[in-house]
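Please look over the chain shown here with me, and let us work through it by question and answer.

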Amino acid sequence: MSNQTTWHWVRHGPTHEKAFVGWRDVPADLSDTAQIERLTSHLPNDALLISSDLIRARATADAIAGSRTRLPDHPDLREFNFGDWDGKHFSDVAKTHPELSRAYWETPGDIAPPNGESWNAAALRVSRVVDTITAAHPGRHVIAVAHIGVILTQVQRGLSSTPEQALGHNIDNLSVSEIVLGSAGWKARHINQTP
């Protein structure tokens with residue numbers, strides 16, 4: 001067994017939503033079976049599989065599970081909590097909270113939507129799950145099916161970058177980003193690969 005633990009972050013299938021989707025439970029479109037098959041084949045067979053507890057991630061995890069060992073779905077792998085913005089169109093949020101919404105994207109960190117959470121709060125809750133599972137299963141491959149914001153917090157960690165730099169990366173639906181923990185700490189190996 002390797003002394004590296006490799007996290008394969010998979011973004012759930014598309015939702016076709018045109019509004020903020022955080023903790024709102026909306027389904028994923030998993031009709032592209034060819035893409036799902038390619039994704040399933042690309043991922044290591046001996047990996048553990050964990051998912052956010054939201055239906056779009058759970059259903060995507062079900063679709064790629066195969067014979068992999070499934071860990072319990074974890075609520076702390078949910079997308080960012082957008083609070084009062086969840087379900088609203090981006091343009092509406094820009095009208096109701098012009099300064100706050102601009103700052104939220106341009107200077108992410110401790111800024112949070114009304115009744116929502118900041119980048120730093122979300123990054124902390126996700127990293128806690130990753131650290132706990134990594135400690136329990138050292139040297140393993142772990143496939144985690146989650147959300148764009150969740151994955152970007154770990155891209156930030158793997159690149160030792162700022163939140164703004166992490167936000168510059170695309171994370172496509174059904175893509176894989178590999179973040180590895182080795183002797184030198186966390187490193188991003190691949191970001192946004194689409195098999």
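The exchange below takes up a helix, some charged pairs and the nonpolar cores.

Me: On what basis are residues numbered, and what pLDDT do local features need?
Reply: Residues are numbered from 1 along each chain as its sequence is written, and side-chain values use heavy atoms, with hydrogens and water left out. This is a predicted model, in which totals for chains, interfaces and linings use all residues, side-chain atom pairs count only at pLDDT 80 or more, and local features need pLDDT of at least 70.

Me: How far apart are the end C-alpha atoms of helix α6?
Reply: Helices are DSSP runs of H or I with at least four residues, and strands are runs of E with at least two, numbered from the N terminus. The expected span of a helix is 1.5 Å times one less than its number of residues. For the twelve residues of α6 (148–159) this should give 16 Å, and in agreement the end C-alpha atoms are apart by 16 Å.

Me: How many of the twelve residues of α6 are buried?
Reply: Buried means under 20% relative accessible area, exposed over 50% and partly exposed in between, with a 1.4 Å probe and protein chains only. Among the buried residues of α6 are V150, I151 and L152, and the buried residues of this helix pack against elements including β1, α5 and β4, where contact means heavy atoms within 4.5 Å. The helix is mostly covered, the number of buried residues being nine.

Me: Which residue of α6 forms a salt bridge with D131?
Reply: A salt bridge is a side-chain nitrogen of Lys or Arg within 4 Å of a carboxyl oxygen of Asp or Glu. In this pair the closest N and O atoms are 2.7 Å apart. D131 lies in α5 and its partner in α6, so the pair ties together parts that are 26 residues apart in sequence. At 22% relative accessibility the partner counts as partly exposed, and it is R157.

Me: Are E117 and R125 buried or exposed?
Reply: E117 forms a salt bridge with R125, the closest N and O atoms being 2.5 Å apart. Both residues of this pair are buried.

Me: Which element supplies the largest share of the largest nonpolar core?
Reply: A nonpolar core is a set of buried Ala, Val, Leu, Ile, Met, Phe, Trp, Tyr and Cys residues joined through side-chain atoms within 4.5 Å. Of the 30 residues in the largest one, W7, W9, I50 and I133 touch the most other members. The largest share, seven residues, comes from α5.
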